[in-house]
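Colleague: I am new to this structure and would like a close look at its sheet, and at the side chains that join its strands to the rest of the chain. Could you take me through that part slowly, one contact after another?

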Amino acid sequence: MALILEIQTAGGTTQLRTLQPGTNTLVTEPGARYQLRDAVTGKVSPGIRALRQGNDLVIDQIEGDGSGQEPTQVRFADYYSVCSAVAPCDISLPTGAAEPVVINATTTPIGALADGGFVIRDTTY
């Protein structure tokens, strides 16, 4: 599975970034819109998980390609410091449902973690 992150900046430019296995740490841009998707299917696993860890937003449990490579994780550094209701940074996760899952700084957590983090999205939680 080749994963692509599409970034639409607040200025209107679009960038495509191919994600590598392991942790991909990104500088969060105020007002940017992000879409994470498979390069072939245009979707991500319905079991994808989103966590708040400190001020970072972490997207993980992204299915690998079966090659034995390390799973892919995306960390949006300082997401909760940079993004707000005034300067939203929507992250769209097309899972194959009628509407994509959209996460932003105002998305209510569904649970707390022992390490002080929060679960934003997890279908098994």
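Modeller: What follows goes from the order of the strands to the core, the aromatic rings and the charged pairs.

Please keep in mind throughout that this is a predicted model. The sheet is open and is formed by six strands, which come in the order β3-β7-β6-β5-β11-β10 with mixed pairing. Its edge strands are β3, covering residues 22–27, and β10, covering residues 111–112, and each of these pairs on one side only. As general background, the strands of a sheet pair through backbone hydrogen bonds, either parallel or antiparallel.

A good place to enter the sheet is strand β5, residues 49–53, which runs antiparallel to β6 and is joined to it by five bridges. Together β5 and β6 make a hairpin with two residues between them, and glycine 54, in the turn, has a positive phi of about 65 degrees. Glutamine 53 has aspartate 56 in β6 as its bridge partner, while leucine 51 has valine 58 as its partner in β6. Strand β5 also pairs in the antiparallel sense with β11, residues 118–121, over three bridges, and here leucine 51 stands opposite valine 119.

Aspartate 56, already named as a bridge partner of glutamine 53, also takes part in a contact made by its side chain, since it meets the side chain of arginine 75 in a salt bridge with an N to O distance of 2.9 Å. This pair links distant parts of the chain, because aspartate 56 belongs to strand β6 (residues 56–62) and arginine 75 to strand β7 (residues 72–77), 19 residues apart. With a relative accessible area of 16%, aspartate 56 is buried.

From the sheet we can pass to the nonpolar side chains. The largest nonpolar core has 24 residues, and the members that touch the most others are Leu36, Leu57, Ile59 and Phe76. The elements that give two or more residues to this core are β1, β4, β6, β7, α1 and β8. Leaving aside residues up to four places away in sequence, leucine 36 touches a long list of neighbours, among them Ile4, Leu5, Ile59, Val74 and Leu93.

Another member of that core, Phe76, leads on to the aromatic rings, of which the structure holds three pairs. In one of them, the ring centres of tyrosine 34 and phenylalanine 76 lie 5.0 Å apart with their planes at 65 degrees, so the pair is edge-to-face. Because tyrosine 34 lies in strand β4 and phenylalanine 76 in strand β7, this pair ties together parts that are 42 residues apart in sequence. Both rings are buried, tyrosine 34 with a relative accessible area of 3% and phenylalanine 76 at 1%. Phenylalanine 76 also forms an edge-to-face pair with tyrosine 79, at 6.2 Å from centre to centre and 65 degrees between the planes, and tyrosine 79 counts as buried at 0% relative accessibility. Tyr34, Phe76, Tyr79 and Tyr80 form one aromatic cluster. A charged residue of β5 reaches this cluster, for arginine 52 lies over the face of tyrosine 80, at 4.0 Å from the ring centre.

Aspartate 78 is found in the loop between β7 and α1. Although this residue is not a glycine, aspartate 78 has a positive phi of about 55 degrees, and at 41% relative accessibility it counts as partly exposed.

Strand β4 remains, and with it two further charged pairs out of the four salt bridges found in the whole structure. The side chains of arginine 37 and glutamate 6 meet in a salt bridge of 2.9 Å, N to O. Arginine 37 lies in β4 (residues 33–38) and glutamate 6 in β1 (residues 3–8), so this pair ties together parts that are 31 residues apart in sequence. Arginine 37 and glutamate 6 are both buried. Arginine 33 and aspartate 90 also meet in a salt bridge, at 3.6 Å from N to O. This pair links strand β4, which holds arginine 33, with the loop between α1 (79–82) and β8 (91–93), which holds aspartate 90, 57 residues apart. Its two residues differ in accessibility: aspartate 90 counts as buried at 16%, whereas arginine 33, at 47%, counts as partly exposed.

Note on methods: Residues numbered from 1 in each chain as written. Predicted model: local features only at pLDDT ≥ 70, side-chain atom pairs only at ≥ 80, totals over all residues. Heavy atoms only, no water. Helix = DSSP H or I, 4+ residues; strand = E, 2+ residues; numbered from the N terminus. Buried < 20%, exposed > 50% of the residue type's maximum accessible area, 1.4 Å probe, protein only. Pairing = 2+ DSSP bridges. Core = buried A, V, L, I, M, F, W, Y, C linked by side-chain atoms within 4.5 Å. Contact = heavy atoms within 4.5 Å. Phe/Tyr/Trp six-rings, centres within 6.5 Å; stacked < 30°, edge-to-face > 60°. Lys NZ or Arg CZ within 6 Å of the ring centre and 35° of its normal.
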